[in-house]
Amino acid sequence: MILHSQFSAPELRSKIRKQEIRLGGNKKLKIYGLLSCASGKRMKRENRIFFTNEEEALQNGFRPCGHCMKEKYQQWKYQQLHHLK
């Protein structure tokens, strides 16, 4: 997990180009998604966090974004409903 505030814009672009960062997330809402997601681009910088992969996001208790990762979100939601029963 990498906080957005830890890097300058050029450092961040370099990490994205090198694919060291593949997903973004909102640390307050515990949601992760694609770097191209319109919802993710609107969040405040201090809430933005980055992940190398989905496994890392899930291990840290984040859920998929319902906008840019609809299918994965539906799978996550289905699992959550069945864990409650």
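These are my notebook entries on what I looked up in this predicted model.

**Entry 1: the sheet**

I began with the strands. I found an open sheet of 5 strands with mixed pairing, in the order β1-β4-β2-β3-β5. Which strands sit at the edges? They are β1 (2–3) and β5, and each pairs on one side only. I reminded myself that strands of a sheet pair through backbone hydrogen bonds, either parallel or antiparallel.

Next I took two of the pairings in turn. Strand β2 (residues 23–26) and strand β3 (residues 31–34) run antiparallel, and 4 bridges join them. I looked up Leu-23 and got Leu-34 in β3 as its bridge partner. On to β3 and strand β5 (residues 63–64): is this pairing parallel or antiparallel? It is parallel, with 2 bridges. Here I noted Tyr-32, which stands opposite Pro-64 in β5.

**Entry 2: Pro-64**

I stayed with Pro-64, as it had just come up in strand β5. Buried or exposed? Pro-64 has a relative accessible area of 3%, so I wrote it down as buried, the cut-off being under 20%. I also checked its distance from Arg-13: the two are 51 residues apart in sequence, and their C-alpha atoms are 23 Å apart in space.

**Entry 3: two positive phi values**

I went looking at backbone angles, bearing in mind that most residues other than glycine have a negative phi. Lys-30 has a positive one, near 60°. Where is Lys-30? I found it in the loop between β2 and β3. That loop belongs to the hairpin of these two strands, with 4 residues between them. The relative accessibility of Lys-30 is 34%, so I count it as partly exposed.

Gln-19 is another case: it is not a glycine, yet its phi is positive, at about 60°. I placed Gln-19 in the loop between α1 and β2. At 47% relative accessibility, Gln-19 is partly exposed.

**Entry 4: Ser-5**

I then turned to Ser-5, in the loop between β1 and α1. Why do I call Ser-5 exposed? Its relative accessible area is 53%, and exposed means over 50%. I looked up Arg-48 as well: Ser-5 and Arg-48 are 43 residues apart along the chain, while 8.1 Å separates their C-alpha atoms.

**Entry 5: the largest pocket**

How much space lies in the largest pocket? I have it down as about 420 Å³. The lining is made of 25 residues, and the closest to the pocket's centre are Cys-37, Ser-39, Gly-40, Lys-41 and Met-43. I also asked which elements give two or more residues to this lining. They are α1 (9–17), β2, β3, α2 (38–42) and β4 (48–51). Sorting the lining by class, I got 12 nonpolar, 9 polar and 4 charged residues.

**Entry 6: aromatic pairs**

How many aromatic pairs are there? The count comes to 2. One is Phe-51 with Phe-62, an edge-to-face pair with 4.9 Å from centre to centre and 70° between the planes. This pair links distant parts of the chain, since Phe-51 is in strand β4 and Phe-62 is in the loop between α3 (54–59) and β5, 11 residues apart. I checked how covered the two rings' residues are. Phe-51 has 1% relative accessibility and counts as buried. Phe-62 is buried too, with a relative accessible area of 4%.

The other pair is Tyr-73 with Trp-76, which I noted as stacked: 5.9 Å centre to centre and 25° between the planes. Both lie in helix α4 (residues 70–84), 3 residues apart, or about one turn of the helix. Why do Tyr-73 and Trp-76 get separate labels for exposure? Tyr-73, at 19% relative accessibility, counts as buried because the cut-off is under 20%. Trp-76 has a relative accessible area of 24%, so it goes down as partly exposed.

**Entry 7: a charge over a ring**

My last lookup was Arg-63. Arg-63 lies over the face of Trp-76, at 5.6 Å from the ring centre. So ends my list for Trp-76, which also has its stacked partner, Tyr-73.

Technical notes
Residues numbered from 1 in each chain as written. Predicted model: local features only at pLDDT ≥ 70, side-chain atom pairs only at ≥ 80, totals over all residues. Heavy atoms only, no water. Pairing = 2+ DSSP bridges. 1 Å grid on protein atoms, 1.4 Å probe; cavity = no way out; pocket = protein on both sides within 12 Å on 5 of 7 lines; lining within 4 Å. Points joined across faces, edges and corners; volume = space filled by probe spheres on them. Nonpolar A, V, L, I, M, F, W, Y, C, P; charged D, E, K, R; others polar. Phe/Tyr/Trp six-rings, centres within 6.5 Å; stacked < 30°, edge-to-face > 60°. Buried < 20%, exposed > 50% of the residue type's maximum accessible area, 1.4 Å probe, protein only. Lys NZ or Arg CZ within 6 Å of the ring centre and 35° of its normal.
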